[in-house]
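Below are my notes on the structure, set out as numbered points. Please read them with the model open beside you.

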Amino acid sequence: MRENFKKRFRDKVKGVYGSKSLFLAKILNPLCQNLVNLSLIFLIFTGCIGIFRKAPDYPSIRIEGLVSYSELESVKNVKWNSLAKQRDPKSVTAIILHNSGKRTFPNFLKLSVENQFMFHVYVDSEGNLFGDPNFLNHEWSAAPGIDLESIHIVYEGTQESLYNNRKQRAILNRVVSYLAEELDIPKSNYDVISKRGVFTHNQTKRRFGGFVDFSPCGSELALKQILSEIDGKFFEEDDWKDRFVTGWVLKKENKEILKETFKPTNGRGITKAEKINISRIEKDEKGFPPEEYRVKYLFRGKIKPSCVVLHYTAISEYFKSLRTLEARNLTASIMVDNNGKAYQLVDVLEDRAAAATGTNDNCIQIEIVAKDTEELLKQPEQIQTVKDLVTELTTKYKIPLSNEKVEDLSGVFSHTQAKKKWGGSIFLNAKDFDPGEDYMEMILNSIGGKYYSEPEWKNRKSIDWAILYRNFQP
């Protein structure tokens, strides 16, 4: 390698400086050799630095001043130990920050356990430390999706009270810094995808889901302050690694990126649709979908429909809704205008739509033009069209008239239900929305179907939903 470099160097000098090249080469060649040697040493050192890093001494890692939950009279009747799962300490690569808000410690711990959650360390407003002495060996469920890798730390109060409480913050900083250094955890919130770093619960909710509500638990401003005081590096949300890439339970969209990546292959003015074979969908005089009512979209393959998903557009006007779908690189299968006319957006109904994460590979997606559920319920012609469409589609594709089993992808579901199961939306608040369960109940029951309320959905209380069915979470 070194000899090849020397030859290329001499040839280059000769080509630039002509007859004086040999003289210059004699002067510069030793300098370049030194640069090459230094570069090789740097590459070897940086490539092998991990070899020389000391592995964590797990048995010796203890949090100074930590009082075991078992020693506290105020929570002696709380069966917190029963929720523990054993884990290998080597799996720990993250610290997750939570806060208690206005709740007292006994109340906070009791509510956590009642809802089958638990946390490793609690820092009260006086700077006292309570927790699980075996925090490295115990996996507690507080942020599903990243629990195995995490130490969950709760600070008492809010980010505002933490800012004004120097004593509490100093203790919290000490604990976070000590654990990060001893366990080789990056003092950064940059890459939650890798599950390596110091994050708020809020950030992990956005990536992995498994949350009860979207209150800013842990608080980014508090984490920013902590990381700055322990020589860490804080990143704002837009700068988190791959924040605008798919894979997040709570999506975030960048209009410029969407504009650059939207390269439609099918739809209005690009490809010709097949003739309509659903009676309730509007046709032109030759039996085709009216061209101006169709959407431009990226072809994503075919589906074998086994379910139907209902949405509302959150916009009261048809063509504005159409433009919004295109601007977000999304599409539905059918859109029902507020005057009751239904239009097929894609070339054929079996073209895969992109409208509801988790269901797109199996479901016909129906967008209904309305601002919200209240507006939906005031449009009788549109309601009748939706009933007729659902009846005809479920008959044609042999789909059950039931919303009980969204995870089986067999039935008629709201986008709300799909979001609660799989997330993948830019809007998640853990409440009923899109198109609203009142609307779903009315549609299903009026066409001879069976509507199930949320507590009756199959496996609704299990941990593998993007939005959990619990009353409280740390």
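1. Phe 319 counts as partly exposed, because its relative accessibility is 29% and that class runs from 20% to 50%. Please keep in mind throughout that this is a predicted model.

2. On confidence, the average pLDDT of the protein is 91, and 89% of the residues score at least 70. Residues 16-25 are a stretch with pLDDT below 50; in the model this stretch has eight contacts beyond near neighbours in sequence. Where pLDDT is low, the predicted coordinates should not be read in detail.

3. How many aromatic pairs are there in the whole structure? The search finds 19. In one of them, Phe 105 and Phe 130, the ring centres are 5.1 Å apart and the planes are at 35°, so the pair is tilted. Phe 105 belongs to helix 3 (residues 105-114) and Phe 130 to strand 5 (residues 129-131), so this pair ties together parts that are 25 residues apart in sequence. Phe 105 is buried at a relative accessible area of 5%, and Phe 130 also counts as buried, at 13%.

4. Phe 319 has its own ring partner: Tyr 293 and Phe 319 form a tilted aromatic pair, with 5.0 Å centre to centre and 40° between the planes. Tyr 293 sits in the loop between strand 9 (266-267) and strand 10 (296-297), while Phe 319 is in helix 9 (residues 318-327), so parts 26 residues apart in sequence are tied together by the pair.

5. Ring pairs also build a cluster, which links Tyr 69, Trp 80, Phe 105, Phe 108, Phe 119, Tyr 122, Phe 130, Trp 140 and Phe 472. The Phe 105 and Phe 130 of point 3 are thus members of this cluster.

6. Two lysines are placed over ring faces. Lys 272 lies over the face of Phe 288, 4.0 Å from the ring centre. Lys 450 lies over the face of Tyr 452, at 5.3 Å from the ring centre.

7. The salt bridge count comes to 23. In one of these, Glu 229 pairs with Arg 169, and the closest N and O atoms are 3.1 Å apart. Glu 229 is in helix 7 (residues 220-229) and Arg 169 in helix 5 (residues 166-182), so the bridge ties together parts 60 residues apart in sequence. Is each partner buried or partly exposed? Glu 229 is partly exposed, with a relative accessible area of 37%, whereas Arg 169 is buried, with 11%.

8. Arg 294 forms a salt bridge with Asp 347, with 2.7 Å between the closest N and O atoms. This pair links distant parts of the chain, 53 residues apart: Arg 294 is in the loop between strand 9 and strand 10, and Asp 347 in the loop between strand 13 (342-344) and strand 14 (363-368). Arg 294 counts as buried, at 0% relative accessibility, and so does Asp 347, at 8%.

9. Glu 454 and Arg 460 meet through their side chains in a salt bridge of 2.9 Å, N to O. Glu 454 counts as buried at 15% relative accessibility, as does Arg 460 at 2%. Elsewhere, Arg 206, Glu 237 and Arg 243 are joined into one network by salt bridges that share partners.

10. Lastly, Thr 385 is part of helix 11 (residues 380-396). Thr 385 is buried, with a relative accessible area of 0%. Leaving aside residues up to four places away in sequence, Thr 385 touches Arg 280, Val 336, Gly 340 and Ala 342.

Terms used:
Residues are numbered from 1 along each chain as its sequence is written. This is a predicted model: local features need pLDDT of at least 70, side-chain atom pairs count only at pLDDT 80 or more; totals for chains, interfaces and linings use all residues. Side-chain values use heavy atoms; hydrogens and water are left out. Helices (H or I, at least four residues) and strands (E, at least two) are DSSP runs, numbered from the N terminus. Buried means under 20% relative accessible area, exposed over 50%, partly exposed in between (1.4 Å probe, protein chains only). Contact means heavy atoms within 4.5 Å. Rings of Phe, Tyr and Trp (its six-membered ring) pair if their centres lie within 6.5 Å; planes under 30 degrees apart count as stacked, over 60 as edge-to-face and the rest as tilted. A charge sits over a ring if NZ of Lys or CZ of Arg is within 6 Å of the ring centre and within 35 degrees of the ring normal. pLDDT is the predictor's confidence in each residue, from 0 to 100. A salt bridge is a side-chain nitrogen of Lys or Arg within 4 Å of a carboxyl oxygen of Asp or Glu.
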